[in-house]
Amino acid sequence: MACVEFSFHVPGLEELAGVLQKGLKDNFADVQVSVVDCPDLTKEPFSFPAKGICGRTRIADVGGVPYLFPVVKQEKVYDLNKVAKEIKLPGAFILGAGAGPFQTLGFNSEFMPVIQTESEHKPPVNGSYFACINPVDGGCLLEKYSEKYHDFGCALMVNLFASDGQPGKIIEVKAKRRTGELNFVTCMRETLEKYYGDKPVGMGGTFIIQKGKVKTHIMPSEFSSCPLNTDEDVNKWLHFYEMNAPLVCLPVFVSRDPGLDLRLEHTHCFSHHGEGGHYHYDTTPDIVEYVGYFLPAELLYRIDQPKETHLVGR
Ligand SMILES: [Zn+2]
């Protein structure tokens, strides 16, 4: 499978914290960005299979939206244990956002990968979730993947933040009360784009929406039988929801595309109250509260980049 490696610009954590503090202040009333020890992510509400997000950080952008629109390419299926080897990090701890493995599930879904991939020393652990539309009432149906399935698949497109899963220093971002138009992730991404310009910076990790509500979407379980050619077509096909905090989010973002047809930001979320999906923005700016743990990625891997591309549905 085609795989291109790119080295990100990797600012120091203190510098990055300062840049984010300044940028987020334009969009949130109360902002506190600092360099701290990563909290133990094996604890609630994360319950991840790794303690942290530190060590040999990477971003992988696998496949792409052109494999879903205008018509689905059903041969585009991936194994995340193999992806970990492609990014030269077998045993990587990965978090991210992508399309669920229809090849196993038998239907399309939103996927929240949380995986300790296989290594020589340890068997893999799949802590992923998937969300689909409840056929009974049209609501959200969120399930833990490993309760019924035992593979490490995903499909069509996936954006991943990978690391050794170690504890260590990270950037903690606290932001309360949104005063600007940008969502939490877009605000951080555009701040980096403004400050670092043509030196692409990639980041990922996890954040919690502690208070408020969030606009999300879930893709239908059936792929569209007619081609979806415009954003309008795509928005008619997707189902939109307003979901409740607390939500655990898995963000991956890149300040600027170095010419690899990247998805610049992609965030999925899950919860312990049955809701999860693709994060758009909070709908309760007056009460929203975010707290997140982030690191810059050292390397970017572009895997199975679509040869024919477009900007629909991003
Ligand atoms: Zn998504």
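Reader: Let's start with strand pairing: in E11, which residue is the bridge partner of Val62?

Author: Happy to start there, with the note that this is a predicted model. Strand E3 covers residues 58–63, and six bridges join E3 to E11 in an antiparallel arrangement. Within E11, Val62 has as its bridge partner Val158.

Reader: Strand E4 also pairs with E11, so to speak; what is the bridge partner of Val77 there?

Author: E4 spans residues 77–79 and pairs with E11 in the antiparallel sense, over three bridges. For Val77, the partner in E11 is Ala155.

Reader: And how many bridges link E5 with E11?

Author: Gly96 gives us a way in, as its bridge partner in E11 is Leu160. E5, residues 93–99, runs antiparallel to E11, and the number of bridges in this pairing is seven.

Reader: How many residues of E11 are buried?

Author: Buried here means under 20% relative accessible area. Strand E11 runs over residues 153–163 and is mostly covered. Of its eleven residues, the number buried is eleven.

Reader: Turning to the largest pocket, which residues lie closest to its centre?

Author: The largest pocket has a volume of about 590 Å³. Its lining is made up of 30 residues, and the closest to the centre are Arg263, His278, His280, Gly313 and Arg314.

Reader: How many charged residues are in the lining of that largest pocket?

Author: Strand E5 comes back here: E5, H4, H5, E17 and E18 each supply at least two residues of the lining. By class, the lining has 13 nonpolar and eleven polar residues, while the charged ones number six.

Conventions: Residues numbered from 1 in each chain as written. Predicted model: local features only at pLDDT ≥ 70, side-chain atom pairs only at ≥ 80, totals over all residues. Heavy atoms only, no water. Buried < 20%, exposed > 50% of the residue type's maximum accessible area, 1.4 Å probe, protein only. Helix = DSSP H or I, 4+ residues; strand = E, 2+ residues; numbered from the N terminus. Pairing = 2+ DSSP bridges. 1 Å grid on protein atoms, 1.4 Å probe; cavity = no way out; pocket = protein on both sides within 12 Å on 5 of 7 lines; lining within 4 Å. Points joined across faces, edges and corners; volume = space filled by probe spheres on them. Nonpolar A, V, L, I, M, F, W, Y, C, P; charged D, E, K, R; others polar.
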